[in-house]
Amino acid sequence: MQDPNEDTEWNDILRRKGILPPKEKPEEEEDDEQLLQSQSIVKTYESMTLEELDENEDEFNDEDELAMEMYRQKRLAEWKANQIKNAFGELTEISGQDYVKEVNKAGAGIWVVLHLYKPGIPLCTLINQHLANLANKFPQTKFLKSIATTCIPNYPDRNLPTIFIYCEGEMKAQFIGPLVFGGMNLKCDELEWRLSETGAVKTDLEENPRKQIQDQLMTSIRCSAPNRRDGDEDSDED
């Protein structure tokens with residue numbers, strides 16, 4: 001008797017006519033197909049958002065339920081971590097009533113940069129501009145500003161600008177008065193470096209930008225200074 005699973009041209013004709021049943025697949029081929037289907041399902045739900053996973057949950061069989069749940073938890077954890085990492089991103093105005101909530105109780109591991117300022121002081125305005133840029137660059141750090149007297153009554157203008165650095169309710173550093181900031185020549189990357197030294201931000205700057213200016217200034221002074229030997233010769237001539 002002829003084997004109906006034998007791979008012959010005659011058997012192929014009989015299968016097309018419906019006389020012979022479809023050819024049985026070897027177990028290895030079935031396993032390979034199941035693996036490909038499983039991988040296809042994995043790729044399908046790995047490309048989905050959390051909302052899409054919920055909407056299409058009924059389309060997956062019971063065997064995929066555990067894998068889907070594990071993947072859902074993984075995506076949820078990534079989403080939460082991303083939300084925490086990018087929780088802020090802008091310079092926010094607060095009042096004295098917000099101080100405890102926004103500064104002292106900011107949360108575990110949250111660094112807070114608070115600028116006390118007064119409208120009309122040019123250096124305060126400049127620092128607010130720099131902090132707005134830095135808030136966008138470092139969204140994991142909370143950047144705040146507040147009119148000084150709303151947080152600390154009778155706070156003297158001579159102490160402005162003032163920056164307080166907090167982490168978990170504890171003050172880590174403070175910068176008080178215009179001399180600390182170097183006046184209106186303060187650059188944004190210089191302020192970034194100062195904040196990075198406190199731990200409030202993680203800068204990608206490799207060295208203090210102010211140091212480059214100081215090095216250039218010293219080089220300029222050395223170049224313009226009279227040569228000592230020339231001076232000695234002038235003394236001898238006298």
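# Reasons behind the labels

Author: Lys137, Glu192 and Asp204 are linked in a network of salt bridges. This is a predicted model, and the labels below are worked out from its coordinates.

Reader: Happy to start there. How many salt bridges are counted by this rule?

Author: The count comes to six. A pair qualifies when a side-chain nitrogen of Lys or Arg is within 4 Å of a carboxyl oxygen of Asp or Glu. In general, side chains of opposite charge can pair when their charged atoms come close.

Reader: What makes Glu102 and Lys142 a salt bridge?

Author: Their side chains meet at 2.9 Å, N to O, and the limit is 4 Å, so the pair qualifies. The two residues sit in distant parts of the chain: Glu102 is in helix H5 and Lys142 is in strand E3 (residues 142–147), 40 residues apart.

Reader: Buried or exposed: which word fits Lys142?

Author: Buried, because Lys142 has 8% relative accessibility, and buried means under 20%. Its partner Glu102 has a relative accessible area of 21% and is therefore partly exposed, as that label covers what lies between 20% and 50%.

Reader: How do you know that Asp157 forms a salt bridge with Lys118?

Author: The closest N and O atoms are 2.7 Å apart, so the pair meets the 4 Å rule. This one also links distant parts of the chain, 39 residues apart. Asp157 belongs to the loop between helix H7 (148–151) and E4, while Lys118 belongs to the loop between strand E2 (111–117) and H6. Asp157, at 40% relative accessibility, counts as partly exposed, and so does Lys118, at 35%.

Reader: And what makes Lys172 and Glu170 a salt bridge?

Author: Here the closest N and O atoms are 3.5 Å apart, so this pair is also within 4 Å. Lys172 has 41% relative accessibility and Glu170 has 46%; because exposed means over 50%, each is called partly exposed instead.

Reader: Let's turn to rings. How many aromatic pairs are there by this rule?

Author: Two.

Reader: Why is the pair of Tyr99 and Tyr166 called edge-to-face?

Author: The ring centres are 6.3 Å apart, and pairing needs centres within 6.5 Å. The planes are at 85 degrees, and planes over 60 degrees apart count as edge-to-face, so the label follows. Tyr99 lies in helix H5 (residues 99–104) and Tyr166 in strand E4 (residues 162–167), so the pair ties together parts that are 67 residues apart in sequence. Both Tyr99 and Tyr166 are buried.

Reader: Why is the pair of Phe175 and Phe181 called tilted?

Author: Centre to centre these rings are 6.2 Å apart, with 55 degrees between the planes. Stacked needs under 30 degrees and edge-to-face needs over 60, so this pair is tilted. Phe175 and Phe181 are both buried.

Reader: Which residues touch the most other members in the largest nonpolar core?

Author: Leu131, Phe143, Ile163, Leu191 and Leu195 do, in a core of 20 residues. Helix H6 (122–137), E4, strand E5 (170–176) and H9 each give two or more residues to this core, and H6 supplies the largest share, six residues. As a general point, nonpolar side chains tend to be buried together in soluble globular proteins.

Reader: What does Ile163 touch?

Author: Beyond four places in sequence, its contacts include Val113, Leu114, Ile127, Leu131, Ala173, Phe175, Phe181 and Leu191. Apart from this core lies another, of 17 residues, among them Tyr99, Cys124, Tyr155 and Leu160.

Reader: Why is Ser196 called buried?

Author: Ser196 has 18% relative accessibility, and the limit is 20%, so buried is the right word. Ser196 is found in helix H9 and touches Val201 and Thr203, leaving aside residues up to four places away in sequence. Other buried residues of H9 (residues 188–198) include Glu190, Leu191, Glu192 and Trp193. After H9 comes Gly199, with a positive phi near 100 degrees.

Reader: Where does pLDDT stay under 50?

Author: Over residues 39–43, for which the model has two contacts beyond four places in sequence. Where pLDDT is low, the predicted coordinates should not be read in detail. The protein chain averages a pLDDT of 77, and 58% of the residues score at least 70.

Key. Residues are numbered from 1 along each chain as its sequence is written. This is a predicted model: local features need pLDDT of at least 70, side-chain atom pairs count only at pLDDT 80 or more; totals for chains, interfaces and linings use all residues. Side-chain values use heavy atoms; hydrogens and water are left out. pLDDT is the predictor's confidence in each residue, from 0 to 100. Contact means heavy atoms within 4.5 Å. Buried means under 20% relative accessible area, exposed over 50%, partly exposed in between (1.4 Å probe, protein chains only). Helices (H or I, at least four residues) and strands (E, at least two) are DSSP runs, numbered from the N terminus. Rings of Phe, Tyr and Trp (its six-membered ring) pair if their centres lie within 6.5 Å; planes under 30 degrees apart count as stacked, over 60 as edge-to-face and the rest as tilted. A nonpolar core is a set of buried Ala, Val, Leu, Ile, Met, Phe, Trp, Tyr and Cys residues joined through side-chain atoms within 4.5 Å.
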